[in-house]
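Here are my notes on the model, point by point. Please keep the structure open while you read.

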Amino acid sequence: MTGLVGRRIAITRPDAGDLGARLGALGATVVHVPLIEIDEPADGGRALRDALARLDTFQWLVVTSANGARRVGAAARRHPSLRLAAVGPISAATLADGADRPVDLVATVARAEGLIAEFPSVPADVLVAQADRARPLLVDGLAAMGHRVESVVAYRTVSRRPDAAEAEQLAAADAVVFASGSAALGWVDGLGTAAPGVVVALGPVTASVARAAGLVVTHVATSPDSTALIDTLTAALAPLHPSV
């Protein structure tokens, strides 16, 4: 028996994915209420289609999330000499699946800062596919290294307000996991700043956004890997219910 048995854990990203499945297998009650939705870019994807039609003019394709990777993987498959980079293992796995080949560079530290630190210094033409709300840090950092960088919006992140029943479920959770700053803002929009006793933010950027919005972040997970998140949740919840 694990410390997760019977615990109600809220997942707020669009897809509960592997984390939700593994939490359920460990006896947790997964409360999956998406607080963001993934939509087409404001231009309907015109800029993305244009950039992908010119992939042969780039040496590198960089993605910052699995959502972006899903939108460019098939195009990358048609350009086997194009080098691929991703911020984090989940983005890399999604991109590799779409491109049908391994990703050349995966940031050890799954943040823009980590990819900048490991990116080759030889100047190259780089296409960065990311969300409309993405920080400019990655694009600016690569450009500062001397790369010729083009950024394109691959998808749009839209806040989703929970209905009354969903809000009640979230309010009764023992813990919540925020995978992005957008999800944290969605929580505040829909429920205010009241939150469960355990609030796990994925990475320092998400934690910073959540705290700025008035949420109390109790734990910051350093890896998007499900095992790391489960370990964080288990350690966080165990002291709250020592008799279980």
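1. Start with the core. The largest nonpolar core has 24 residues, and those that touch the most other members are Leu55, Leu61, Val72, Leu82, Leu84, Leu95 and Leu127. Keep in mind that this is a predicted model. Two or more core residues come from each of these elements: helix 2 (46–53), helix 3 (66–77), helix 4 (89–99), strand 4 (60–63), strand 5 (83–86), strand 7 (125–131) and strand 8 (148–159). Helix 3 is the top contributor, with four residues. As background, nonpolar side chains tend to be buried together in soluble globular proteins.

2. Which residues does valine 72 touch, leaving aside those up to four places away in sequence? Its contacts are Leu48, Leu52, Leu61, Val63, Leu95 and Ala129. Of these, Leu61 and Leu95 are also listed among the core residues that touch the most other members.

3. Next, the mixed sheet. Six strands make up this open sheet, and their order is 3-8-7-4-5-6. The pairing is mixed. Strand 3 and strand 6 (105–106) are the edge strands, and each pairs on one side only. Inside the sheet, strand 4 and strand 7 run parallel and are joined by four bridges. There, valine 62 stands opposite valine 128 of strand 7. Helix 2 packs on this sheet and touches strand 7 and strand 8. The direction of helix 2 makes about 145° with that of strand 8.

4. Asparagine 67 is a residue of helix 3. Beyond residues up to four places away in sequence, asparagine 67 touches Ile38 and Tyr155. Alanine 173 is 106 residues from asparagine 67 in sequence, and the C-alpha to C-alpha separation is 27 Å.

5. Now the parallel sheet. Five strands form this open sheet, in the order 2-1-9-10-11, with parallel pairing. Strand 2 (29–32) and strand 11 (219–221) are at the edges; each has a single partner strand, so one side of each lacks a neighbour in the sheet. On average, neighbouring strands here are turned by 25° against each other, direction ignored.

6. Within that sheet, look at strand 1 (residues 8–11) and strand 9 (residues 175–178). They pair in the parallel sense over three bridges. Isoleucine 9 is set opposite alanine 175 of strand 9.

7. How do helix 1 (residues 17–25) and helix 10 (residues 226–237) cross? Their axes come within 9 Å, at a crossing angle of roughly 50°. The two helices are therefore oblique to each other. The crossing of helix 1 past helix 10 is right-handed. Helix 1 makes the contact through Asp18, Leu19, Arg22 and Leu23. Helix 10 contributes Ser226, Thr227, Leu229, Ile230 and Leu233.

8. Finally, helix 8 (residues 181–191). Its buried residues are Gly181, Ser182, Ala183, Ala184, Gly186 and Trp187. What covers them? The cover includes strand 3 (36–39), strand 8, strand 9, helix 7 (164–171) and helix 9 (203–212). Strand 3 and strand 8 belong to the six-stranded mixed sheet, while strand 9 belongs to the five-stranded parallel one. Glycine 192 follows helix 8, and its phi is positive, near 85°.

Technical notes:
Residues are numbered from 1 along each chain as its sequence is written. This is a predicted model: local features need pLDDT of at least 70, side-chain atom pairs count only at pLDDT 80 or more; totals for chains, interfaces and linings use all residues. Side-chain values use heavy atoms; hydrogens and water are left out. A nonpolar core is a set of buried Ala, Val, Leu, Ile, Met, Phe, Trp, Tyr and Cys residues joined through side-chain atoms within 4.5 Å. Buried means under 20% relative accessible area, exposed over 50%, partly exposed in between (1.4 Å probe, protein chains only). Contact means heavy atoms within 4.5 Å. Two strands pair if DSSP finds at least two bridges between them. Axes are lines fitted to C-alpha atoms, for helices over the stretch in contact, and angles run from 0 to 180 degrees between N-to-C directions. Angles under 35 degrees count as roughly parallel, over 145 as roughly antiparallel, 65 to 115 as roughly perpendicular and the rest as oblique. A crossing is left-handed if the near helix is turned anticlockwise from the far one by less than a right angle, and right-handed if clockwise.
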